[in-house]
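Student: Could you take me through the charged side chains of this protein, looking closely at how they pair and at where they sit? I would like to follow the reasoning step by step.

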Amino acid sequence: MSTNNNPKRQSGAAGPLEILWTVLPKIPLILKVILLHVLGRSEGAQYLDLKSDLTISVLRSMLSPAKSRSISEVQTMTLRDPGVKGKMWVSTMASKIPPEEGIRDALFAAIDGMSGPEQEGAPPLAVPDIVEVEAEWTGYRAAATKDSKPPMIPEEEKYRELMKECTSSTTILYFHGGAYYLCDPSTHRPIVAKLAKLTGGRAYSVRYRLAPQHPFPAALLDALVSYFTLLYPPPGSVHEAVAPSDLVIAGDSAGGNLCLALLQTLLELRRQKRKVTWFGAEREVPLPAGATPISPWLDLVQSMPSLTKNGKFDYLPPPRILSSAHQPPADGAWPAKPPRKHLYVADAYMLHPLGSLHLAKTWEGAPPTYVCCGWECLQDEDRYLVGKLTRDGVAVVFEEFQAMPHVFAAMLPRSAEARRCVDGITGFIRAVCEDPKKIRPSYKMIKAKTLEEVAIDPEELTPFTDADVRDMALHAVSGPQPPLPDVDVPAKL
């Protein structure tokens with residue numbers, strides 16, 4: 001159906017023997033974590049239950065293996081489709097390819113309009129094809145059991161059955177995480193289905209093209225195509241047009257980056273007063289009702305201090321994405337041709353504000369936005385984003401969860417903190433689709449275990465000024481890190 005040329009997905013979940021061979025080498029680590037947790041001597045013991053502590057420790061070990069794997073090998077591992085099971089409807093569809101190139105022209109107009117001195121004189125970006133972009137319509141299936149498999153009916157019929165169970169017109173345009181080169185809508189079905197259920201609506205989870213095979217701006221083009229597909233359905237589409245007031249864009253990690261890159265693209269096109277030629281018509285560029293980036297990855301060059309400072313609470317590997325000493329074994333996917341330092345983006349565009357979103361000059365005019373994170377490696381960039389949104393007049397709801405790791409709502413789904421986080425996300429989505437004007441700025445820290453809410457002073461969100469952040473990013477791509485500002489002195493909003 002799709003022509004996006006991503007690495008081929010494999011069917012079926014991992015078998016018992018494969019799971020056994022994965023777990024066996026981790027047994028000493030598991031025993032150590034259990035002992036330290038029971039004795040109250042591990043970092044996570046005071047904040048986490050034992051299962052969560054074990055999950056984070058094992059994930060950290062798996063993501064920082066002694067022997068690195070090739071990009072293609074890791075991609076294959078994360079593209080295994082376990083199949084659809086349980087109380088969800090999933091209907092796979094693909095966008096149509098428009099007869100004109102207006103959607104791509106608009107994207108490059110936004111890229112050019114937001115370019116800075118780092119892009120002056122740079123080789124031109126590779127121009128991605130406009131392709132069919134697959135996505136999974138996802139919704140709640142009330143009559144199913146946890147082991148139910150989908151009926152053997154056409155995808156269009158699945159979509160109609162999904163729509164019968166929607167109790168609201170809310171639509172979530174969702175972008176999965178995975179550092180732009182891993183994962184798929186199939187890996188994120190549980191969290192996406194949960195969001196659809198709790199909003200009473202449906203989600204459109206996009207199978208965007210992955211790096212390094214498809215570098216920036218291929219994924220962003222797929223996101224923009226998907227957005228226009230929802231707003232202005234091409235001929236033959238199974239869905240009706242989605243009203244912008246019913247549409248919320250969302251994503252986790254790299255998907256949170258893509259969510260915000262799409263939002264910045266829309267803002268820039270509106271700044272340019274540009275319309276988009278789409279299936280023979282000149283279309284306006286409306287904004288969605290809201291945005292919900294979940295632990296968004298903003299700093300593509302990994303320049304902020306929490307990337308190392310918060311490692312004890314997180315499972316993410318150390319910040320070495322640009323390190324020549326920590327490159328994966330060569331294969332057909334990497335190193336890229338022509339060569340570049342970053343898996344996702346050409347060297348001259350690593351600091352472009354549609355890639356490194358924390359460097360965007362302004363968010364003025366953006367719709368209400370919900371941001372959540374933990375005490376994770378991306379904490380600094382996410383807090384800085386919230387401060388920047390606030391300074392630019394955006395209504396922000398920010399929830400930071402004590403001692404939680406990256407995208408914990410998906411990684412620790414049975415924890416009380418994950419349930420509270422999903423309630424926060426879906427409560428925001430319902431409210432913003434009902435009346436965005438009623439969204440009031442809110443900044444909270446949610447304590448571990450008790451879920452007690454503690455107000456955060458927006459004046460103390462970040463110690464970093466705009467100049468600090470830009471300097472750190474510039475040094476990350478060109479040389480040693482600069483001295484960090486005094487973290488006890490917050491930047492004024």
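Tutor: A residue is called buried when its relative accessible area is under 20%, exposed when that area is over 50%, and partly exposed in between. Please keep in mind that this is a predicted model. With that cut-off, Lys-388 counts as buried because its relative accessible area is 7%. Lys-388 has a partner, Asp-466, with which it forms a salt bridge whose closest N and O atoms are 3.9 Å apart. Asp-466 belongs to helix 14 (residues 466-478) while Lys-388 belongs to helix 11 (residues 379-391), so this pair ties together parts that lie 78 residues apart in sequence. The two partners fall into separate classes, since Asp-466, with a relative accessible area of 36%, is partly exposed, whereas Lys-388 is buried.

As a general point, side chains of opposite charge can pair when their charged atoms come close. A second pair is formed by Arg-420 and Glu-399, and in this salt bridge the closest N and O atoms are 2.7 Å apart. This pair, too, links distant parts of the chain, with Arg-420 in helix 13 and Glu-399 in strand 12 (residues 396-401), 21 residues apart. Here Arg-420 is buried because its relative accessible area is 14%, and Glu-399 is buried as well, with a relative accessible area of 5%.

A third salt bridge joins Lys-447 to Glu-452, with 3.7 Å between the closest N and O atoms. Lys-447 counts as partly exposed at 30% relative accessibility, and Glu-452 is also partly exposed, at 41%. Across the whole structure, a search finds 23 salt bridges. Some charged residues are linked in a network of salt bridges, made up of Asp-81, Glu-134, Glu-136, Asp-184, Arg-189 and Arg-207.

Let us now turn to the surface. A patch of positive charge gathers there, consisting of Lys-51, Lys-87, Lys-194, Lys-197, Arg-414 and Arg-419. Within this patch, Arg-414 sits in the loop between helix 12 (408-411) and helix 13 (416-434), and Arg-414 counts as exposed because its relative accessibility is 68%.

Lys-158 makes a useful contrast with Arg-414: Lys-158 lies in helix 6 (residues 155-164), and it counts as buried because its relative accessibility is 11%. If we set aside its neighbours within four places in sequence, Lys-158 is in contact with Trp-89, Val-90, Ser-91, Pro-151 and Ile-153.

Technical notes. Residues are numbered from 1 along each chain as its sequence is written. This is a predicted model: local features need pLDDT of at least 70, side-chain atom pairs count only at pLDDT 80 or more; totals for chains, interfaces and linings use all residues. Side-chain values use heavy atoms; hydrogens and water are left out. Helices (H or I, at least four residues) and strands (E, at least two) are DSSP runs, numbered from the N terminus. Buried means under 20% relative accessible area, exposed over 50%, partly exposed in between (1.4 Å probe, protein chains only). Contact means heavy atoms within 4.5 Å. Patches are made of residues with over 30% relative accessible area and no salt bridge: like charges are joined within 9 Å, nonpolar side chains (Val, Leu, Ile, Met, Phe, Trp, Tyr) within 5 Å. Accessible areas come from the Shrake-Rupley method with a 1.4 Å probe; for residues, only the protein chains shown count as cover. A salt bridge is a side-chain nitrogen of Lys or Arg within 4 Å of a carboxyl oxygen of Asp or Glu. Lys and Arg count as positive and Asp and Glu as negative; His and the chain ends are not counted. The place of a charge is taken as NZ of Lys, CZ of Arg, CG of Asp or CD of Glu.
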